[in-house]
Number of protein chains: 2
Amino acid sequence: MESLSKNKQKLIRSLQQKKYRNEHQLFVVEGEKMVRELIQNNPQKIHELFALSSWIANVPSSIPSQTVSEKELEQISELKTPNKVLALVKFLEFTISTPKFTIVLEDIQDPGNLGTIIRLADWFGASNIVCSDKTVNIYNTKVIQATMGSIFRIPVEYTHLETYLSQQTRPIYGAVLGGENVYKTKLPAQAVLVMGNEGNGISDSLLSFLQNKIEIPRFGQAESLNVSMATSILLSEFFRIQ
Amino acid sequence: MESLSKNKQKLIRSLQQKKYRNEHQLFVVEGEKMVRELIQNNPQKIHELFALSSWIANVPSSIPSQTVSEKELEQISELKTPNKVLALVKFLEFTISTPKFTIVLEDIQDPGNLGTIIRLADWFGASNIVCSDKTVNIYNTKVIQATMGSIFRIPVEYTHLETYLSQQTRPIYGAVLGGENVYKTKLPAQAVLVMGNEGNGISDSLLSFLQNKIEIPRFGQAESLNVSMATSILLSEFFRIQ
């Protein structure tokens, strides 16, 4: 078995940083489940794949791949418990036709939250996600793990939100404390839903774009809901009526 | 400033393990927000408190406390970025009157999921949570952090679920793939809701106790929802009608 070159190790580890991901237009996907899905649905997106000898037989010969030892996998993995296979994947590109339902995220910081929201969007069938430039990067390993594969199905873009929102013709909703009780609000099938930063909520500069402020009523005592829980409940409200 | 004794360091670090938490009937709460809430609402539950000199002025003299250096706090903290204060807290005890809405958790493994579900229960005003003995321990630091203080308001007990469920007179619901569309199900205010393990769902031995199998319909393509997302949506459905 050919051992993994120092240069390749260095390249893979450098992709933990956004700067090098952008330079190489590559990101890392780890774990059997997600890589298996990639091989099945998007084999052409795989730049190169590194797997334990026990796993390499699953890889079609058309995909550039290399067998690695457990120790080598540990050295290139960002996971605490590396999981048999790691793939270098080309940056994703989507063509979006006219979006029906868009989730707008302002400065979401926690990778688990972004990943979870991508998975929720994929569960409910939202068209796409639009993030502020300060939102955590989509190719962050923790984001990718939390999406459980939904990253390959939901288009996510980063842009200047004021500009984006000013161009929308669909009604714009936002989760705001003191907003209208979402359970008593008639919600449209086509809409833009804005969710704010974990600590600060939606910023003043975006608030003025909201035509409809909604909130999830609290029946108990917790001070707040996490943004991904709030998103799950609001998406459920928007999509349950369809 | 008196330095933290080796014995005390050892005691605090030992509480990262369930065995020693049970032996001392103590657990660790970290971070300004949660400790401030404790001081306000449950000062008598604090066994001892350790804070940076900049923070110790916030602590009433009635609470046993000791000033620690940043380095000492780092040594006793389980957080990557220790947060000014750490408290040793006595095990919680609740008296539950007749519960109206109970969440039953079977073998939930991820501490973030359990913590999030406790926070959700507190938001929606569920009465209590009943866990299988194999569910992750409530005094695990990651559980406590994820509850954001709701751990002090929601009674959580561990028990044999078959026995517990067999004693219930309220209707028992469970989240099951292929169950009835939850959006089309009339849900009662008093109920027991069973949520299954992250990977396996509800076990066969519990399935027979469910009078009502419900599911969240999928409008998109994601294979599954995380258990805490599913719980947030189902609690929203149960409580929105009240």
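This is a short talk on the interface of chain B and chain A in a predicted model.

Some conventions. Local features need pLDDT of at least 70, side-chain atom pairs count only at pLDDT 80 or more, and totals for interfaces use all residues. Side-chain values use heavy atoms, with hydrogens and water left out.

I start with the contact, meaning heavy atoms within 4.5 Å. Chain A contributes 32 residues to it and chain B 31 residues. The two chains bury about 3,000 Å² between them, 58% of it on carbon and sulfur atoms; that is accessible area (1.4 Å probe) lost on being put together, summed over both parts. In chain B, the residues losing the most area to chain A are B:Arg119, B:Trp123 and B:Arg240, together 26% of what that side buries.

Next, the charges. The rule finds four salt bridges across the interface, a salt bridge being a side-chain nitrogen of Lys or Arg within 4 Å of a carboxyl oxygen of Asp or Glu. The side chains of B:Glu237 and A:Arg240 meet in a salt bridge at 2.6 Å, N to O.

Now the symmetry. A turn of 180° and a shift of 0.0 Å along the axis lay chain B on chain A with an RMSD of 0.0 Å, superposed by least squares on the C-alpha atoms of residues with pLDDT of at least 70 in both. The two copies are thus related as by a two-fold rotation axis. Which residue of chain B comes closest to the rotation axis? That is B:Ile233, with its C-alpha at 2.6 Å. Of the interface residues of chain B, 100% are also interface residues in chain A, so the copies meet through the same surface.

Definitions and conventions
Residues are numbered from 1 along each chain as its sequence is written. Chains are lettered from A and ligands numbered from 1 in the order in which they are written.
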